[in-house]
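Open your viewer and get ready to select residues one by one. This is a short tour, stop by stop.

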Amino acid sequence: MPTREINGQSIEFDNEGFMTDRTAWNRDIAAVLAKEEGIETLTDRHFDVIDFMRKEVEEKGTAPSIRRLNKLNVVPTKELYQLFPGGPAKKAAKIAGLKKPEGCI
Amino acid sequence: MKKLLILGAGTAGTIMVNKLAPVLDQSEWQITIVDHHETHYYQPGFLFIPFGIYTKKDVIKPKRDFFPTGVEVIFSGIDIIEPEKNQVKLTDGKVLSYDYLVIATGSQIKPEETEGLVGDGWRKNIFDFYTIDGACALAHFLKYWEGGRMVLNVVEMPIKCPVAPLEFEYLAEWWLTEQGLRDKVEIEFVTPLPGAFTKPKASQLFGDFLDKKNIKLTPEFSTGRVDAANNKIISWDEQDIAYDLLVTVPTNMGDDAIARSGLGDELNFIPTDKETLQSKAHENIFVIGDATDLPSSKAGSVAHFQADILYENLLSAMEGRPLRAQFDGHANCYIESGFGKGILIDFNYDTEPLPGKFPLPGIGPFSLLEETKMNHYGKMMFRWMYWNLLLKGAELPIESQMMMAGKRV
Ligand SMILES: Cc1cc2nc3c(=O)[nH]c(=O)nc-3n(C[C@H](O)[C@H](O)[C@H](O)COP(=O)(O)OP(=O)(O)OC[C@H]3O[C@@H](n4cnc5c(N)ncnc54)[C@H](O)[C@@H]3O)c2cc1C
């Protein structure tokens with residue numbers, strides 16, 4: 001499992017670049033991860049999404065779907081795609097320090 | 001009298017009533033099953049209707065033919081489930097109380113969830129094949145079609161029978177070839193998934209088949225809206241794809257009654273224990289088939305495997321014993337690949353589809369993850385099995401738990 005140094009902290013990732021321990025996460029790490037995903041600055045709107053996702057994982061064990069974020073008025077789907085271009089579910093989870101979202105079949 | 005109430009008499013509800021009626025003591029238990037439709041549709045058959053292989057009469061039978069004696073059958077809509085009162089209100093005004101409730105209300109397409117899908121183009125050059133009406137309307141359209149761009153779009157996951165869109169593409173390619181139209185049609189498969197399918201080995205194989213058949217694959221496309229006036233589907237991030245014929249697999253959702261009852265998630269699927277099939281919210285409610293939120297495939301074969309588990313656990317619950325039977329996510333799907341051939345996949349929560357022989361290790365007669373004529377016969381035989389064995393709750397020559405024997409890792 002790849003370990004990387006971020007802001008002086010040593011952080012573990014899985015092979016697809018998702019953090020393996022969400023408790024090691026903080027906002028500064030998020031900023032670094034966001035840059036790697038092509039998002040220059042994280043705004044309050046980004047953090048509305050990130051904080052809500054982390055809260056749901058804490059409480060329910062699974063990250064909310066795009067549809068759930070929309071339904072609970074956290075962020076409309078259209079805006080979510082603008083905030084995290086090209087695959088918001090995965091990108092937002094990555095930046096939020098969460099596991100890769102489970103794909104369903 | 002104690003009461004067992006089953007909501008929905010589709011694949012899963014019908015299997016359950018047939019398994020339970022013979023074993024529950026009639027002097028102790030009253031079994032009731034509710035559904036709003038009197039006709040049972042063999043949904044896997046819808047796939048063949050657009051190409052004239054089946055017609056409507058090949059996929060319907062009266063539900064009455066499949067209910068055991070001694071069971072109360074009510075044809076009515078379900079209005080609302082009230083778990084706190086252990087009762088269900090029907091749309092015809094009746095109120096049914098229960099000791100145990102089995103929810104088997106399935107999943108349905110909701111095209112109205114996508115802006116512009118149900119508008120000017122609907123059933124003119126936009127069709128679904130997940131409903132009987134859609135499949136029949138598409139058959140009619142194709143009869144007179146002279147070609148153009150045919151786009152198949154899966155709007156959102158999860159969908160029931162996740163391989164059905166691929167089968168549609170393979171069959172369409174075969175049918176167009178037979179009609180002498182293949183060179184007049186561009187076929188494109190547009191999906192929100194990262195590839196042709198989710199599980200890596202199967203995704204690779206299905207993707208290769210698309211290539212071989214000259215069907216263009218566009219992955220990771222999340223449909224935001226349809227511009228029917230200009231014949232385009234448009235993604236949330238503003239990519240667009242033009243079509244002449246749009247075959248859509250719209251958002252799949254659980255029934256509105258589940259939403260009205262406050263029992264569902266954002267897609268009206270019911271949070272369910274993935275091993276015991278007990279509802280997460282209520283001890284005396286169990287859920288089976290497409291109505292669950294399980295990460296298994298939504299398929300008739302899956303409902304059948306779940307039925308073995310639910311049967312054990314429901315009887316345990318009724319007798320105050322712990323729930324020991326565990327569903328492993330087993331799914332078994334025949335995939336039509338066109339030109340009289342098919343592919344078979346067998347997998348569960350933890351094991352992706354692997355190559356090998358099935359159901360007899362080393363012998364078959366079916367081949368896993370491989371295209372054979374025999375697999376196609378398996379698919380066509382499934383209809384007979386469905387009506388004559390599966391719905392009646394009979395044993396099939398397949399274990400409900402997935403087997404590793406016969407698979408090559
Ligand atoms: C095109 C297509 C191809 C498929 N191919 C395959 C295949 O090859 N192999 C395979 O295994 N599976 C296949 N499937 C999937 C399979 O048909 C379903 O997974 C299966 O039928 C699920 O069973 P169920 O009992 O959960 O739901 P259903 O069989 O859909 O039954 C639900 C029942 O609940 C009733 N109901 C719902 N809400 C209410 C209400 N409010 N009031 C009263 N009644 C209500 C409905 O009328 C219905 O009878 C296919 C499906 C489609 C659409």
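Between which two strands of chain A is the loop that holds Asn7(A)? Select Asn7(A) and look to either side. The loop runs between strand S1 (3-6) and strand S2 (9-12) of chain A. Keep in mind that this is a predicted model. Now check the backbone here. Asn7(A) is not a glycine, yet its phi is positive, about 50°.

**Stop two: a similar check in chain B**

Go to Glu238(B). This residue sits in the loop between strand S16 (232-235) and strand S17 (240-242) of chain B. Its phi is also positive, near 70°, and Glu238(B) is a residue other than glycine.

**Stop three: two cis peptide bonds**

Select Met157(B) and Pro158(B) together. The peptide bond from Met157(B) to Pro158(B) is cis, and its omega is near 0°. Where is Pro158(B)? Look in the loop between strand S12 (148-154) and helix H3 (164-178) of chain B.

Next, select Phe358(B) and Pro359(B). The bond from Phe358(B) to Pro359(B) is cis too, with omega near -5°. Pro359(B) is found in a strand, S23 (residues 356-360) of chain B.

**Stop four: the ligand**

Now select the ligand. Show the residues around it: there are 32 of them. Which come nearest? They are Thr11(B), Ala12(B), Asp35(B), Ile78(B) and Asp255(B). Sort the shell by class and you get 12 nonpolar, 13 polar and 7 charged residues.

Zoom in on three polar contacts.

- Asp255(B): an N or O atom in its side chain is 2.8 Å from a nitrogen atom of the ligand.
- Lys63(B): an N or O atom in its side chain is 3.1 Å from an oxygen atom of the ligand.
- His36(B): here a backbone N or O atom lies 3.2 Å from a nitrogen atom of the ligand.

How much of the ligand does the protein cover? On its own, the ligand has 1000 Å² of accessible area, and the protein covers 95% of that.

**Stop five: the pocket and its walls**

Show the pockets. The ligand takes up the space of the second largest pocket. Then color three helices of chain B: H1 (11-20), H6 (300-318) and H7 (373-390). These are the elements that give two or more residues to the shell around the ligand.

Last, color the two domains of chain B: domain 1 (2-106 + 255-318) and domain 2 (111-251). Why does the ligand lie between them? Both domains give residues to the shell around the ligand, so the ligand lies between the two.

Terms used:
Residues are numbered from 1 along each chain as its sequence is written. Chains are lettered from A and ligands numbered from 1 in the order in which they are written. This is a predicted model: local features need pLDDT of at least 70, side-chain atom pairs count only at pLDDT 80 or more; totals for chains, interfaces and linings use all residues. Side-chain values use heavy atoms; hydrogens and water are left out. A residue is near a molecule or strand if one of its heavy atoms lies within 4 Å of it. A polar contact is a pair of N or O atoms within 3.5 Å; within protein, one must be able to donate a hydrogen and the other to accept it, and residues adjacent in sequence count only if both atoms are side-chain atoms. Accessible areas come from the Shrake-Rupley method with a 1.4 Å probe; for residues, only the protein chains shown count as cover. On a 1 Å grid over the protein atoms alone, a cavity is a set of points where a 1.4 Å probe fits but cannot get out, and a pocket is an open set with protein on both sides within 12 Å along at least five of seven lines; lining residues have an atom within 4 Å of a point. A molecule sits in a cavity or pocket if more than half of its atoms lie within 2 Å of its grid points. Helices (H or I, at least four residues) and strands (E, at least two) are DSSP runs, numbered from the N terminus. Ala, Val, Leu, Ile, Met, Phe, Trp, Tyr, Cys and Pro count as nonpolar, Asp, Glu, Lys and Arg as charged, and the others, Gly among them, as polar. Domain bounds come from an automatic or database domain assignment.
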